[in-house]
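Dear colleague,

Please find the structure below, with its sequence. My notes on the sheets come after it.

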Amino acid sequence: MTPRIQKLREESLNAEPRISAERALLVTEFYKNHLAFGDSVPVQRAKAFRHILENKSICINDGELIVGERGPAPKATPTYPEINVHSLQDLDILNSREKVWFRVDEATREAYREVIIPFWKGRSNRDRMMEALPKDWHDAYRAGIFTEFMEQRAPGHTVAGGKIYRKGMSEIISDIEAVISKLDFMGDPLAFPRLQELLGMKIAAEAIISYAERHAVILDELASSEKDEQRKKELEGMAQVCRNVPANAPQTFHEALQYYWFVHLGVVTELNPWDSFNPGRLDQHLMPFYRMETDAGSLTKEDAVELLQSFWIKFNNHPAPPKVGVTALESNTYTDFALINIGGVKEDGSDAVNEMSYILLDVIEEMRLLQPSSMVQLSKKNPDRFIERAVRIVKTGFGQPSIFNTDAIIQELTRQGKDIADARNGGASGCVESGAFGTESYILTGYFNLPKILEITLHNGYDPRTDKIIGLQTGQIEDFDTYYQLLDAFRKQVNHFAGIKVKGSNIIESIFMEHIPTPFLSLIIDDCVSRGTDYSCGGARYNTNYVQGVGVGTVTDSLTAIRKIVFDDGLTTLTQLLLALEADFEGHEDLRYRLIYHTPKYGNDDPEADEQLSDVFEIYYDAVNGRTSPRGATYRINLLPTTCHIYFGSVMQASADGRKAGKPVSEGISPVQGADSHGPTAVIKSAAKIDHLRTGGTLLNQKFSPSFFENEEAIRKVASLVRSYFRMDGHHIQFNVVSADMLRDAQKHPENYRDLIVRVAGYSDYFNDLGEDLQEEIIRRTEHESF
Amino acid sequence: MQGTIFDFKRFAVHDGPGIRTTVFLKGCPLRCLWCHNPESWKPEPESAEREIRLDDRLYREKEIIGRKVTVNDLMKELEKERLVMEESQGGVTFSGGEPLMQPRFLLEMLKACQENAFHTAVDTSGFALQEDLLRIMPFTSLFLFDLKMMDMRKHEQFTGADNQLILDNFRWLMQQGKPVRVRIPVVAGYTATRDNLTATLEFLTPYAENLEQVDLLPYHRIGMHKYDKLGICCEMPGESGKPDSQEMDEIYSLFNSNGHKVTIGG
């Protein structure tokens, strides 16, 4: 790492996340003064975007090579009052909460009190949504059955493809003009709305070119007063870069990165879309520039690495926009999920791993930053050297990169009807979501609490926490004579709530289609321009909506426990069991012990437990898959939680798998915390019983102690564990390299860590099976090894 | 055909190449002081008490250590790991105890594994009848052979039996042309003395070229709590028996410089 990257990295790490009112004030000024009075909504939105870019402050950090900040300074985070206007109380919470805080200074509070809140209160998109959504939606939402992604953020959930590396904005403007000239006002009833969309897109494209020019002007000024000759030359060069891109297609490695970054800023300034934005297959996009320039001698590997590191710091300077309420609970992190994809296959299906793939992995390891997130796509066509290199970074224990199955992703996407070339150009974004990069709008609508629905089923439609009947009356538990009657009642409830969720999402989508088009984002994703249709209105080539199932492990183990203890063995009745759950096992400790230690558990390659997993999967899949949305998207399922498994557990009583009230439910498709006691190969065998190819992504977490990866042999074995899982069509796996804190927790709560394998001394063992003195020794060693 | 096992471990990564499943056969003729698997000693299933803590309660359960299994039972379980074994070029390891204490069962298992195309390893103390070794030879892909003490008297003192049979078996095995890895428990003050290491090296010198590898297994005291559980008096060496990393490095270099491929931990 060069000294200046070290300095910039340090500054980025030390910068305090804070709220900047700049964008909110500009957008308020724009609408308050009717600066686009009478214009169509898309044109209004485009002009609002231009107004922000023309007036926002420009920040160039000392020594950096890639320029542009979303706010006035690193980690100064804008807000989006047209989506959701924060109250003064929200600002206080953001300022003072312990985790994921944002500092709010007095001037910002005042701007909110005097200008922003008075204008937007009751007029934000959130207000529109909440008013339009029906009572059954509100009841289920309050009960914690599901969350709603569009409550505080805009739909985004998409990734840049290769277009921007081939086309400058000027050329995209020509494309727009060509489409306009061919609009059929005779035969196409939508020709006029298309014209409005296209005019909006053109304004947005022009706005980003001028925004880059504003940077060029300031870079020239900085250059003229710069004493250091080398930096002076660099600043002049950077000014030239900002004049070349995004106006024109990039000609150099530097220009390619800077172009993407302006696009990124455009997307996250226009709105606060989920998962910010993402360059996707960065090694594929950059390799041609790298090869061309290194061949010509105009770029060294060291130069390229420094540019990439400067680029990396840009991501880290941009925390996710502030979230409050349920949105903060479901995604409680500064990470904004820009997930760099490395590896995979090329459009023609051949191995895509290249020199740039390894350079990016080096950058990830050296930068060790929270953002951007990173992952490797592993196809059966990729070499072992590639996956082993990735595992060596995993071992250092900062949770990156995660590992994805390219061959599964391609099958998932083609099953949904995508062209194979588009599927091969895709990957995973956000946490684990499959998408066709540059051509798909794949919107996550919210998390869905499967174990909570079992709780509602056991209560015949009643939610004990909000004290309301919110579900169907599917029968009193006394009347369930067989397990299948209970399972059928559960199926009906899942269908019922999935229906409520999808209806609500369709209402919300209609509101976004009408009020919040995204002309800038539409420039980047095909085929919005050629169709003259906005990204939010179905302009993308492919449109998908996801509902993300949470707590698969918890609901599976709960059903298994009920089946075994109540219906097979007759050891207790459903009524008795429910009493114990309502009492949070107080006075029923022996029953809880039996539930935890003497019923089969998902994650052990045990058919007796995994059968319920398949039932849960089919029930959830049938309830969601294939429903349609107003913009023409198809609803699909995926299985991931971000941090929502904690929130979903907090709204629940105790559950039949032995989980206590309020405790987290299982995350992703991982087994219940600690329930897998037969090692990782049994876990992947169980997890592979899910039909991953019918989802749009699943998340599997495995815990290892750092010492486990001690030598090359061990790294090869972990790599072959991954290959085995992927051969069975597993979608994703990540290795959580444990911390000393986690080991301490394992000493206190061994029941949650029955799966934890540690390397002892020429020997691996379950942590729980070690004597206390040995546990202490391993904790001390882990404290030593981890960074 | 039935045998008695005391453990069946999937994702075993230190008992031979690749990801393996290790089947632990019950019964051992030796009583090594440093043994971390005292539950392997007796050939028959035995009962013990297991303690499980849940919140602040302690649950005690009777636990039977060791179970009778058929070849079919085990083959069904092994089949579950086939894909992982194939992908990692792993296989099945038979360990113990001393697996050759159940020679017929071991033979049947090895035959079944070969029929089903599983790579097999047998981890033996070498304290077994040569004719039994001969019988399993055609069905064994790899031998893991433990060498402990070279001095006959000390061997008897620390393991309960002298080493003549073991060393004879080793010499004989090395002439059979099967892949062999040597495993040496490194116990400071016991096996890891200058004398014993030098003698071991000397003993191995003629085989340096034919040996696949030497695994040095640093002594640990994980098994200590098992002695209590089983009601066996624990004579395991204390903390001082654990070699430190510098000692391990020295021993590693010692073997390495004598032309052996060495691992720490296997």
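What follows covers one sheet in chain B and one in chain A, with the strand pairings in each. Please keep in mind that this is a predicted model.

Chain B

The chain B sheet is open and has 9 strands, in the order E5-E1-E2-E6-E7-E8-E9-E10-E11, and its pairing is mixed. At its edges are strand E5 (67-70) and strand E11 (262-264) of chain B, each of which pairs on one side only. From one strand to the next, the twist averages 30°.

Inside this sheet, strand E2 (residues 20-25) and strand E6 (residues 91-95) of chain B run parallel and are joined by 5 bridges. One residue pair across E2 and E6 can be named: B:Arg20 has B:Gly91, in E6(B), as its bridge partner.

Chain A

The sheet in chain A is also open, with 3 strands in the order E8-E11-E12 and parallel pairing. Strand E8 (440-449) and strand E12 (634-639) of chain A are the edge strands, and each pairs on one side only. The twist here averages 30° from one strand to the next.

E8(A) is linked to strand E11 (residues 542-550) of chain A by 9 bridges, and the two run parallel. Within that pairing, A:Ile443 stands opposite A:Asn545 in E11(A).

A helix also belongs in this part of the picture. Helix H19 (residues 450-458) of chain A packs on the sheet, where it touches E8 and E11 of chain A. The direction of H19 makes about 40° with that of E8(A).

Best regards

Key:
Residues numbered from 1 in each chain as written. Chains lettered and ligands numbered in written order. Predicted model: local features only at pLDDT ≥ 70, side-chain atom pairs only at ≥ 80, totals over all residues. Pairing = 2+ DSSP bridges. Helix = DSSP H or I, 4+ residues; strand = E, 2+ residues; numbered from the N terminus. Axes fitted to C-alpha atoms, helices over the stretch in contact; angles between N-to-C directions. Contact = placed C-beta atoms within 7 Å.
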